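Good morning, and thank you for making time for this. I should like to take you through one structure, beginning with its strands and ending with its charged side chains.

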Amino acid sequence: CTSLTSVTIPNSVTSIGGLAFSRCSSLTSVTIPESVTRIGAWAFYGTGIYNDNSNWENDVLYISNCLIEAKDSISGTYTIKENTRLIADYAFKDCSSLTSVTIPNSVTSIGVGAFRYCSSLTSITIPNSVTSIGDYTFQYCTSLTSVTIPNSVTNIGAYAFGCCSTMVSM
């Protein structure tokens, strides 16, 4: 797919699989509709969008209103951009220096393994807009001591909080 430059995903699509457009090196324009509720890991890795540093905001890549990936060098406190509606699978994986994340009320879905191995993350408040927390989302967040989960959450995936050995309140 090295010649593919632009993609408009139709409203009939609800999920984009992992590595779906990976290495489409000329892909510089993607429109993701509101119908998409899940974006798999590394779906846009190696694309023109991914490889262009000007598309990264403070080491985080957004496409449309979706948070795609954070560089593992991100550290300290991070506030997800307003109007972001989903966090892709494994978006913050291995961000071991990330200590705190603020998730805006616009986010409805937190992807599989989104914060996996964020070993310095100490607490997180999930907003009322979130309905789903994916499998392995906070697995191995070994500094995580407290999580606030609202009543809006109807699905918590397998091992979502697995190996969170310091967890004292939920």
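Strands S6 and S7 run antiparallel and are joined by four bridges. In this predicted model, one of the pairs sets Leu61 opposite Glu69 in S7. The hairpin formed by S6 and S7 has two residues between the strands, and Ser64 there takes a positive phi near 55°.

On the other side of the sequence, S6 is also paired with S5. Those two strands run antiparallel as well, with two bridges between them. Glu57 has Val60 as its bridge partner in S6. This hairpin, too, has two residues between its strands, and here Asn58 is the residue with a positive phi near 55°.

Which way do the side chains of S6 point? Val60 and Tyr62 point one way, Leu61 and Ile63 point the other way, and all are buried. In a regular strand, side chains alternate between the two faces of the sheet.

Let me turn to the nonpolar interior. The largest nonpolar core holds 32 residues, and those touching the most other members are Ile80, Ile87, Phe92, Ile110, Phe115, Phe138 and Leu144. At least two residues of this core come from each of strand S6 (60-63), strand S7 (66-70) and strand S10 (97-102). A second core, separate from this one, has 21 residues, including Tyr50, Trp56, Cys66 and Ile68. As a general remark, nonpolar side chains tend to be buried together in soluble globular proteins.

Phe138 deserves a word of its own. Leaving out residues up to four places away in sequence, Phe138 touches Phe115, Leu121, Ile124, Ile126, Ile133, Leu144, Ala160, Phe161, Gly162 and Cys164.

Next, a polar residue. Is Asp89, in the loop between S9 and S10, buried or exposed? Asp89 is buried, because its relative accessible area is 5%, under the 20% limit. Its side chain makes a polar contact with the side chain of Arg38 at 2.8 Å. The Asp89 side chain also reaches the backbone nitrogen of Val112, at 2.9 Å. Residues up to four places away in sequence aside, the contacts of Asp89 are Arg38, Ile39, Gly40, Ala41, Gly111 and Val112.

Ser109, in strand S11 (residues 109-110), is another buried residue, with 14% relative accessibility. Setting aside residues up to four places away in sequence, Ser109 touches Thr37, Arg85, Leu86, Ile87 and Ser132.

Arg85 brings me to the salt bridges, of which the count is four. I shall describe three of them.

In one, Arg85 pairs with Glu34, and the closest N and O atoms are 3.4 Å apart. The two partners are 51 residues apart and belong to distant parts of the chain: Arg85 is in the loop between strand S8 (75-79) and strand S9 (86-87), and Glu34 is in the loop between strand S3 (29-31) and strand S4 (38-39). Their surroundings also contrast: Arg85 counts as buried at 8% relative accessibility, whereas Glu34 is exposed, with a relative accessible area of 55%.

In another, the side chains of Glu57 and Lys81 meet at 3.0 Å, N to O. Glu57 lies in strand S5 (residues 56-57) and Lys81 in the loop between S8 and S9, so this salt bridge ties together parts that are 24 residues apart in sequence. Glu57 is partly exposed, with a relative accessible area of 36%, and Lys81 is likewise partly exposed, at 32%.

The remaining one I shall mention joins the side chains of Asp94 and Lys93, at 2.7 Å, N to O. Asp94 counts as partly exposed at 33% relative accessibility, as does Lys93, with a relative accessible area of 23%.

One further lysine is worth noting. Lys71 is found in the loop between S7 and S8 and counts as partly exposed at 28% relative accessibility. Apart from neighbours within four places in sequence, Lys71 is in contact with Asn53, Trp56, Asp59 and Cys95. Lys71 and Phe92 are 21 residues apart in sequence, and their C-alpha atoms are 7.4 Å apart in space.

Finally, how confident is the predictor, and where is its confidence lowest? The mean pLDDT of the protein chain is 95, and 100% of its residues reach 70 or more. Among the elements of the chain, strand S12 (residues 123-125) has the lowest mean pLDDT, at 85, and strand S2 (residues 15-16) has the highest, at 98.

Key: Residues numbered from 1 in each chain as written. Predicted model: local features only at pLDDT ≥ 70, side-chain atom pairs only at ≥ 80, totals over all residues. Heavy atoms only, no water. Buried < 20%, exposed > 50% of the residue type's maximum accessible area, 1.4 Å probe, protein only. Contact = heavy atoms within 4.5 Å. Core = buried A, V, L, I, M, F, W, Y, C linked by side-chain atoms within 4.5 Å. Polar contact = N/O pair within 3.5 Å; in protein donor to acceptor, adjacent residues only side chain to side chain. pLDDT = per-residue confidence, 0-100. Pairing = 2+ DSSP bridges.
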